[in-house]
Amino acid sequence: MANAERGGNLRMSRRIANNTLLLFARMFVITIVNLYAVRVVLSNLGEIDYGIFNSIAGVVLMSTFLSQTLALSIQRFYSYSIGEQRWDRLREIFSASILIVVLLSVFIIVVFESVGFWFVETKMLIPADRLFAAKWIFQFALFSFVTSLLQIPFTAAVFAHEDMGIYALFSTIDCLLRLFVAWLIGQAVFDHLIFYGGGLLLVAVFVFLLYAVTACIRYPECRYRKVSEKKTYKELLSFSGWTMYGNLSGVAMIQGSTILLNVFFGPVANAAFAVANQIYNALGTLGNTVVIAFRPAMIKSYSEKNYDNLDHLFYIHNKVLSYLMIGVSLPLIFLMPTILHWWLDEVPQESVVFSRLFVVYIFILVMSNPISTIIQATGRVKYYSLAVETITILCLPVAWLLFRLGYPSFTLFVVMIVICALAHFVRLVCLHRYYPSFSCRKYISSLAMPSLLCLLAAVIYFTRH
């Protein structure tokens, strides 16, 4: 029995390692392509149109907390059911999630075609001669988001089955197509901003079809049938409801910041934020590469009550994240001016300080992912979300107040960093409460202290060289 368990753990470790390598290859390609795409888009659209695009898209993307919530919820129930080997349960989850995302999509369209459209027209700082293009961008961004929402049940099936090769392939295709659209901007015979938004919508529809067709062919559970059992919907929505609160705060930190900067500082600050946001996305992609590889295995270990393996995965996950982020973040911070001038033909004002502070923020944020994975596996997300995200959601009102008092634009990032650090401490307290196997002392001695020493040594090295 012990040999069988060790064999199973070894196979799991090999699968995680293989998936991690695939995802790292994906991340490398996507990061390079995305960074180059920003250069192309900024060059072809210009600083003002680029800022308008990101601020308008930010209005719609405020709702990405809904898609992130559903994705995490569906993935969690998929992985948990696979761990329990309840194959009939998988089809129920898929069918229920299809109905939920369709109804949610209709609701989002109705809300944004009324309230969102009004906000763009009356509250955002957009040059009068670009308002027509901004309205088109709003429509394209809305339906691109709805398409990504409908894709969630199929993507969740890919993640739960740990078919990271499929995910790596399709997300790379998505990225390359977006670059192709960016390159075509200069060839467009009509408004470049409208062309770019329409092109991204077509890419979103194509990628949705790739996931939907592949999932339906590959996974038997991806066949819709009417689910009359209300318990399935209740479980999905209950878990999603509290997770939604957490994702709302995360999206508000980013997309809400875009709108806040536009209101107080205009499109030029949005352009600088958009550039810094690409650095944030690149590091977030790096961290999520590790998270995606570990999350299904951790949830399955919890559902199997294999807590020794879960503890092992938790600490390996943390160590990989911490050393990886230290190795990448510090060179970025010290070399940021050189990197931005090498990367962009024209560097928007304040991009350097925005980018450096964003690196610090994402470093802290990424380290919370292993903690959140175990909390989600337990299903006890209610008080965790209330405790952690009530702190996190304070970012925007605090930043708004400081802007009203005359503080500079980079103050936003300082607020984000302080609040994120405080939220991480609260996450550790919650993990200790809901998962008794977790030891704060072990976390500090085997992870926090070695990471701090490594960070200190790296800082000394860079300051001397």
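Okay, a definition to start: two rings of Phe, Tyr or Trp make an aromatic pair if their centres lie within 6.5 Å, and planes over 60 degrees apart count as edge-to-face. Keep in mind that what you're looking at is a predicted model. With that definition, the structure holds 22 aromatic pairs.

Let me show you a couple of them. Take F154 and F208: their rings sit 6.2 Å apart, centre to centre, with 75° between the planes, so under the over-60 cut-off this is an edge-to-face pair. Now, what does the pair tie together? F154 is in helix α5, residues 131-160, while F208 is in helix α7, residues 192-218, so the contact ties together parts that are 54 residues apart in sequence. And F154 has a relative accessibility of 7%, so it counts as buried.

The other pair I picked is F314 with F438. Again it's edge-to-face, with 5.9 Å between the centres and 85° between the planes. F314 belongs to helix α10 and F438 to the loop between α15 and α16, so here the parts being tied together are 124 residues apart in sequence. Are these two buried or exposed? Both F314 and F438 are buried.

There's also a cluster worth finding on your screen: ring pairs link F273, Y280, F354, F358, Y361 and F413.

Right, on to pockets. The largest one has a volume of about 550 Å³. It has 25 lining residues, and the ones nearest its centre are F363, I364, M367, H424 and L452. Four elements each give two or more residues to that lining: α10 (307-343), α11 (351-366), α15 (411-434) and α16 (440-464). Which of them gives the most? That's α16, with eight residues. As for chemistry, the lining of this largest pocket has 21 nonpolar residues, four polar ones and no charged ones.

Then there's the second largest pocket, at about 420 Å³. It's lined by 16 residues, with T31, I32, L35, A282 and L332 closest to the centre. Here the elements giving two or more residues are α1 (2-45), α9 (267-303) and α10. You'll remember α10 from the lining of the largest pocket, and from F314, which lies in that helix. The largest share of the second pocket's lining comes from α1, with seven residues. And what is this lining made of? It divides into 14 nonpolar residues, one polar and one charged.

That's my tour, so over to you for questions.

Note on methods:
Residues are numbered from 1 along each chain as its sequence is written. This is a predicted model: local features need pLDDT of at least 70, side-chain atom pairs count only at pLDDT 80 or more; totals for chains, interfaces and linings use all residues. Side-chain values use heavy atoms; hydrogens and water are left out. On a 1 Å grid over the protein atoms alone, a cavity is a set of points where a 1.4 Å probe fits but cannot get out, and a pocket is an open set with protein on both sides within 12 Å along at least five of seven lines; lining residues have an atom within 4 Å of a point. Grid points are joined across faces, edges and corners, and a volume is the space filled by probe spheres set on the points. Ala, Val, Leu, Ile, Met, Phe, Trp, Tyr, Cys and Pro count as nonpolar, Asp, Glu, Lys and Arg as charged, and the others, Gly among them, as polar. Rings of Phe, Tyr and Trp (its six-membered ring) pair if their centres lie within 6.5 Å; planes under 30 degrees apart count as stacked, over 60 as edge-to-face and the rest as tilted. Buried means under 20% relative accessible area, exposed over 50%, partly exposed in between (1.4 Å probe, protein chains only).
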